[in-house]
Amino acid sequence: MKRWMTVPCRVPDHAAAAAAAERQDTLTKPPGSLGRLEALAIQLASLQSRKRPRVDRVHISVFAGDHGVAAEGISAFPQAVTGEMLRNFANGGAAIAVLARELGATLEVVNLGTVNDPGEIPGVRREIIAPSTANLRHVPAMTDDELDAAFDAGIRSVARATADGAELYIGGDMGIGNTTAASALACALLGEKPDVLAGPGTGLDKQGVARKAQVITDALCAHASAIAPREMLRHYGGFEIAALTGAFVAAAQCGLPVLVDGFIASTAALAAVALRPDARPWMIFAHRSHERGHGRVLDALQASPLLDLHMRLGEASGAAVAVPLLRMACTLHGSMATFAEAGVSEA
Ligand SMILES: Cc1cc2ncn([C@H]3O[C@H](COP(=O)(O)O)[C@@H](O)[C@H]3O)c2cc1C
Ligand SMILES: O=C(O)c1cccnc1
């Protein structure tokens, strides 16, 4: 285990949570009537160590990487799409680019290795590890060095977010074939069967999903010796998945709250919690993806996501859509009048 992984995560500020809870009960509403918005404001207060939390400054990092397992025909789309989407992120046409603009969030896109590499593009960071991971059906997806490089990419993105004064960190994924990698990783971490976790991804038909489940079954058999979470991540993961794992641990270590996106990001979060259980309090789960395995992963993390919009895109899009809810929770908490201020009678 590398040294950074041994650094403990910050402990949420329970006094700030208590102060925020106390303030909630003085606001002009029946106590508890704003439901989960109250809990969110209190949780953010404890994570930001502030009586009145804010999520004005949002940092979004989208990590892209290709997957050797794409050779097994487990995606409805060709592998070239990963590289092509990098241009679309940079040109502002991808879903997450539109949402980040709408939110006034910082969006950075990190190319960790794509077969159809677009080269230098303004607005895309090049942190190439290799053109692709290896085919996890037969061999480990990554070498030790590649895994560490992917972790580092995630850790560095958190450092940039912190330096930029971010109040919330969001991580996203782009990588054709990554629902297969994430499903395999989740199967390994949870001891679950492939047909419970494998879903259509970008739109496989029934036969395609059955093929995908078989590929994962073969992988679990080939890598039965990968027992420790780090080894599971190395054997089944991808560059972008490992970067997200590294980022989530790093964010928890430096006390930056994380809003977790869909199936891919949640599986990276599951790996992060397997590596460092004290990272879990720093995660807020944005939405329930329509991808089949997400429910099982959320259950394992004891997470109740904020939204269920049947989204199944990744790219951090589901997390971005949930940001306005966090902002409204903070604004209500910070700006509502108290009973005393408004001259309203209490119960
Ligand atoms: C145009 C396009 C944009 C995307 N943005 C995210 N994904 C998402 O879908 C892919 C995973 O699904 P699978 O495992 O079935 O390949 C990943 O790239 C993920 O980020 C996209 C997929 C496509 C096709
Ligand atoms: O929920 C996700 O993260 C997801 C689902 C399908 C395809 N790509 C990502």
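**Figure 1. Helix α11 against the sheet.** In this predicted model, helix α11 spans residues 263–275 and lies across β4, β5 and β6. The helix runs at about 115° to β4. One of the strands beneath α11, β6 (283–285), is an edge strand.

**Figure 2. Helix α13 against the sheet.** Helix α13 covers residues 317–335. It lies across β1, β4 and β5. Its direction makes an angle of about 130° with β5. Strands β4 and β5 are crossed by α13, and β4 and β5 also lie under α11.

**Figure 3. The six-stranded sheet.** The sheet is open, and its strands follow the order β3-β2-β1-β4-β5-β6. Pairing is parallel. The edges are β3 (124–126) and β6 (283–285), each pairing on one side only. From one strand to the next, the twist averages 30°. Strands of a sheet pair through backbone hydrogen bonds, either parallel or antiparallel.

**Figure 4. Strand β4 and its two partners.** On one side, β4 pairs with β1 (residues 58–64). That pairing is parallel and counts seven bridges. Within it, Ala64 has Met174 of β4 as its bridge partner. β4 also pairs with β5 (residues 258–260), again in the parallel sense, over two bridges. Here Tyr169 is bridged to Val258 of β5.

**Figure 5. The two faces of β4.** In a regular strand the side chains alternate between the two faces of the sheet. In β4, Leu168, Ile170, Gly172 and Met174 point one way. Tyr169, Gly171 and Asp173 point the other way. Are these residues buried or exposed? Both sets are buried. The strand is thus mostly covered, with seven of its seven residues buried. Two of them have already appeared as bridge partners: Met174 faces Ala64, and Tyr169 is matched with Val258.

**Figure 6. The shell around ligand 1.** Ligand 1 is surrounded by 18 residues. The closest are Ser75, Thr179, Gly201, Thr202 and Gly314. Three elements give two or more residues each: α3 (80–91), β4 (168–174) and α6 (178–190). Which element gives the largest share? It is α6, with three residues. By class, the shell holds nine polar, seven nonpolar and two charged residues. β4 therefore has a part in both settings: it contributes to this shell, and it pairs with β1 and β5 in the sheet.

How values were computed:
Residues numbered from 1 in each chain as written. Chains lettered and ligands numbered in written order. Predicted model: local features only at pLDDT ≥ 70, side-chain atom pairs only at ≥ 80, totals over all residues. Near = placed C-beta within 6 Å. Helix = DSSP H or I, 4+ residues; strand = E, 2+ residues; numbered from the N terminus. Nonpolar A, V, L, I, M, F, W, Y, C, P; charged D, E, K, R; others polar. Buried ≥ 20, exposed ≤ 12 C-beta atoms within 10 Å, placed from the backbone. Pairing = 2+ DSSP bridges. Axes fitted to C-alpha atoms, helices over the stretch in contact; angles between N-to-C directions. Contact = placed C-beta atoms within 7 Å.
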